[in-house]
Amino acid sequence: MRERQRRGRTATPQIRTRYPDLDSLQVEFAFSDSGKFVPAPQTTVFHPAATAFFCFACPFGDCDGEFDLTSAIDLTARSGQLQSSGEVRCAGTRHRAAACTLSLEYSISPHCRQTGTAGDDGAAGGRVR
Ligand SMILES: [Zn+2]
């Protein structure tokens, strides 16, 4: 599992390659679980030099699950939305084959380089003359 994660990360381009307009990407996590122990909320800010790898291991050390936010982040980053949020449940298995019940509420806030909406006046690629 962790080995697969590492391989995925090295095969993934940087954020600046995949999303050239993105200046930073803030991802907030809030967890809820039926158990007694609930992981603390997390905020992660990704910078353009970071790898565009958005698969996060379940914070429970004995769980083999992961939260794959790749498509959610991709959708948000490409759509020009200011924020998107949603909820995913861990599909992993914890010790003694117990199903993980952790649920992750995420909030994705991309910050683009240019202010305002991506204009339709002129190509974003820039004019050369
Ligand atoms: Zn889990």
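Modeller: Let's start with a definition: a residue is buried if 20 or more other C-beta atoms, placed from the backbone, lie within 10 Å of its own, exposed if 12 or fewer do, and partly exposed in between. This is a predicted model, where local features need pLDDT of at least 70 and side-chain atom pairs count only at pLDDT 80 or more, while totals for chains, interfaces and linings use all residues. Residues are numbered from 1 along each chain as its sequence is written.

Biologist: Then why is Ala97 called exposed?

Modeller: Ala97 has 6 other C-beta atoms within 10 Å. Set that against the limit of 12 or fewer, and Ala97 is therefore exposed. Its neighbour in the numbering, Arg96, is also exposed, with 6 other C-beta atoms within 10 Å.

Biologist: Where is Ala97 found?

Modeller: Ala97 lies in the loop between β6 and β7, and Arg96 is found in that loop between β6 (93-94) and β7 (98-99) as well. Phi of Arg96 is near 60°, a positive value in a residue other than glycine, and Ala97 too has a positive phi near 60°.

Biologist: What makes a stretch a helix or a strand, and how many of them are there in the chain?

Modeller: Both are DSSP runs, numbered from the N terminus: helices are H or I over at least four residues, and strands are E over at least two. The chain has three helices and eight strands. In sequence order the pattern reads α-α-β-β-β-β-α-β-β-β-β.

Biologist: Which strands make up the open sheet, and in what order?

Modeller: The open sheet has four strands in the order β2-β1-β8-β5, with antiparallel pairing. The edge strands are β2 (42-46) and β5 (84-89), each of which pairs on one side only. From one strand to the next, the twist averages 20°. Axes here are lines fitted to C-alpha atoms, for helices over the stretch in contact, and angles run from 0 to 180 degrees between N-to-C directions.

Biologist: How do you know that β1 and β2 pair?

Modeller: Two strands pair if DSSP finds at least two bridges between them. Five bridges join β1 (residues 22-32) to β2, so the requirement of at least two is met. One of the residues involved is Val27, whose bridge partner in β2 is Thr44. On the β8 side, 10 bridges join β1 to β8, and these strands run antiparallel. There, the bridge partner of Gln26 is Ser109. As background, strands of a sheet pair through backbone hydrogen bonds, either parallel or antiparallel.

Biologist: Why is Ala40 called exposed?

Modeller: Ala40 sits in the loop between β1 and β2. It has 8 other C-beta atoms within 10 Å, and the cut-off is 12 or fewer, so Ala40 is exposed. Ala40 and Ala30 are 10 residues apart in sequence, with their C-alpha atoms 7.3 Å apart in space.

Biologist: Why are the buried residues of α3 said to line one face of the helix?

Modeller: The buried residues of α3 are Ile73, Thr76 and Ala77. Seen down the axis of α3, they fall within an arc of 95°, so they line one face. The arc is that of the directions from the helix axis to the C-beta atoms. On the other side of α3, Ser71 and Ser79 are exposed.

Biologist: What do the buried residues of α3 pack against?

Modeller: They pack against β1, β5 and β8. Helix α3 (residues 70-79) lies across these strands, running at about 30° to β8 (103-112). After α3 comes Gly80, with a positive phi near 80°.

Biologist: Which residues does Glu87 touch, and is Glu87 buried or exposed?

Modeller: Glu87, in strand β5, touches Ser103, Leu104 and Glu105, leaving aside residues up to four places away in sequence. A contact means that two C-beta atoms, placed from the backbone, lie within 7 Å. Glu87 has 10 other C-beta atoms within 10 Å, so by the limit of 12 or fewer it is exposed.

Biologist: Where does pLDDT stay under 50?

Modeller: Over residues 118-129, for which the model has three contacts beyond four places in sequence. pLDDT is the predictor's confidence in each residue, from 0 to 100. Where pLDDT is low, the predicted coordinates should not be read in detail. Over the chain, pLDDT averages 86, and 81% of the residues score at least 70.
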